[in-house]
Amino acid sequence: MSKTILSIDDSPSMLQMVRLALEGDGHRVLTAPDGMAGLATLKSQRVDLVITDLNMPRLDGIGVVSGVRADPSHRGVPILVLTTVTEESKRTAAKAAGATGWIVKPFDKDKLLAVVRKLLG
């Protein structure tokens with residue numbers, strides 16, 4: 001069954017790679033170029049999963065996670081952080097804010113799809 005996934009990243013090429021991988025697996029993919037645009041998209045769209053970068057202009061990934069968790073209508077949506085950051089302190093901060101999972105870029109398509117399938121149940 002097709003799910004709707006919001007991918008948030010300031011890199012157009014990364015958004016395209018994530019979109020291709022997820023659409024190839026049958027999902028509908030919405031994209032946003034930064035955290036503020038991502039949260040704005042969530043005000044008008046119901047999504048089944050959020051995938052966010054960590055380092056972005058205007059609002060970073062921790063802010064995205066916090067913003068999603070603060071909205072009662074999206075509080076239970078899984079959030080996957082997809083980032084180049086490997087620092088344990090950032091991973092801990094993302095988890096404390098409510099992130100569900102973490103994948104380091106560059107990502108392996110099959111690993112991404114396996115994690116997405118697991119998070120979507």
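In this predicted model, arginine 91 and glutamate 88 pair through their side chains in a salt bridge, with N and O 4.0 Å apart. Both residues sit in helix H4, and because they are three residues apart there, about one helical turn separates them. Arginine 91 has a relative accessible area of 33%, so it falls in the partly exposed class. Glutamate 88, at 52%, counts as exposed. Pairs like this rest on a simple idea: side chains of opposite charge can pair when their charged atoms come close.

The whole structure holds seven salt bridges. Another of them sits in helix H1, residues 12–24, where glutamate 23 meets arginine 19 at 3.0 Å, N to O. Here the partners are four residues apart, again about one turn of the helix. Glutamate 23 is partly exposed, at 36% relative accessibility, and arginine 19 is partly exposed too, at 24%.

A salt bridge between lysine 105 and aspartate 53 brings loops into play, with the closest N and O atoms 3.4 Å apart. Lysine 105 belongs to the loop between strand S5 (101–104) and helix H5 (109–120), while aspartate 53 belongs to the loop between strand S3 (49–52) and H3, so this pair ties together parts of the chain that are 52 residues apart in sequence. Both partners are tucked away: lysine 105 is buried, with a relative accessible area of 12%, and aspartate 53 is buried as well, at 6%. How far do the shared partners extend, and which residues do they join? Through salt bridges with partners in common, Asp9, Asp53 and Lys105 form one network.

Lysine 105 turns up again in the backbone geometry. The peptide bond running from lysine 105 to proline 106 is cis, with omega near -5°, and proline 106 has its place in the loop between S5 and H5. A second backbone feature shows up at arginine 58, which is not a glycine yet has a positive phi of about 70°. Both features go against the usual pattern, since most residues other than glycine have a negative phi, and most peptide bonds are trans. Arginine 58 lies in the loop between S3 and H3. With a relative accessible area of 62%, arginine 58 is exposed.

Next come the helix contacts. Two packed helices are described by the angle between their axes and the distance between the axes. For H3 (residues 61–70) and H4 (residues 88–97), the axes come within 8 Å and cross at roughly 15°. An angle under 35 degrees counts as roughly parallel, and H3 and H4 are therefore roughly parallel to each other. Their crossing is right-handed. On the H3 side, the contact involves Ile62, Val65, Ser66 and Arg69, and on the H4 side Lys90, Ala93, Ala94 and Ala97. Sorted by class, the residues of this contact come out as five nonpolar, one polar and two charged.

H3 also packs against H2 (residues 35–44), with axes that come within 9 Å and cross at roughly 20°. That angle makes H2 roughly parallel to H3, and the crossing of H2 past H3 is right-handed. Which residues make the contact? H2 contributes Gly35, Leu39 and Leu42, and H3 contributes Gly63, Val64, Gly67 and Val68. By class, the contact of H2 with H3 has four nonpolar and three polar residues, and no charged ones.

The last stop is valine 81, in strand S4, residues 79–83. Is this residue buried or exposed? At 1% relative accessibility, valine 81 counts as buried. Setting aside neighbours within four places in sequence, valine 81 is in contact with Thr52, Leu54, Val65, Ala94, Ala99, Gly101, Trp102 and Ile103. Among these contacts are Val65 and Ala94, and those two residues also take part where H3 meets H4. The C-alpha atoms of valine 81 and threonine 100 are 8.0 Å apart in space, although the two residues are 19 apart in sequence.

Definitions and conventions
Residues are numbered from 1 along each chain as its sequence is written. This is a predicted model: local features need pLDDT of at least 70, side-chain atom pairs count only at pLDDT 80 or more; totals for chains, interfaces and linings use all residues. Side-chain values use heavy atoms; hydrogens and water are left out. Axes are lines fitted to C-alpha atoms, for helices over the stretch in contact, and angles run from 0 to 180 degrees between N-to-C directions. Angles under 35 degrees count as roughly parallel, over 145 as roughly antiparallel, 65 to 115 as roughly perpendicular and the rest as oblique. A crossing is left-handed if the near helix is turned anticlockwise from the far one by less than a right angle, and right-handed if clockwise. Contact means heavy atoms within 4.5 Å. Ala, Val, Leu, Ile, Met, Phe, Trp, Tyr, Cys and Pro count as nonpolar, Asp, Glu, Lys and Arg as charged, and the others, Gly among them, as polar. Buried means under 20% relative accessible area, exposed over 50%, partly exposed in between (1.4 Å probe, protein chains only).
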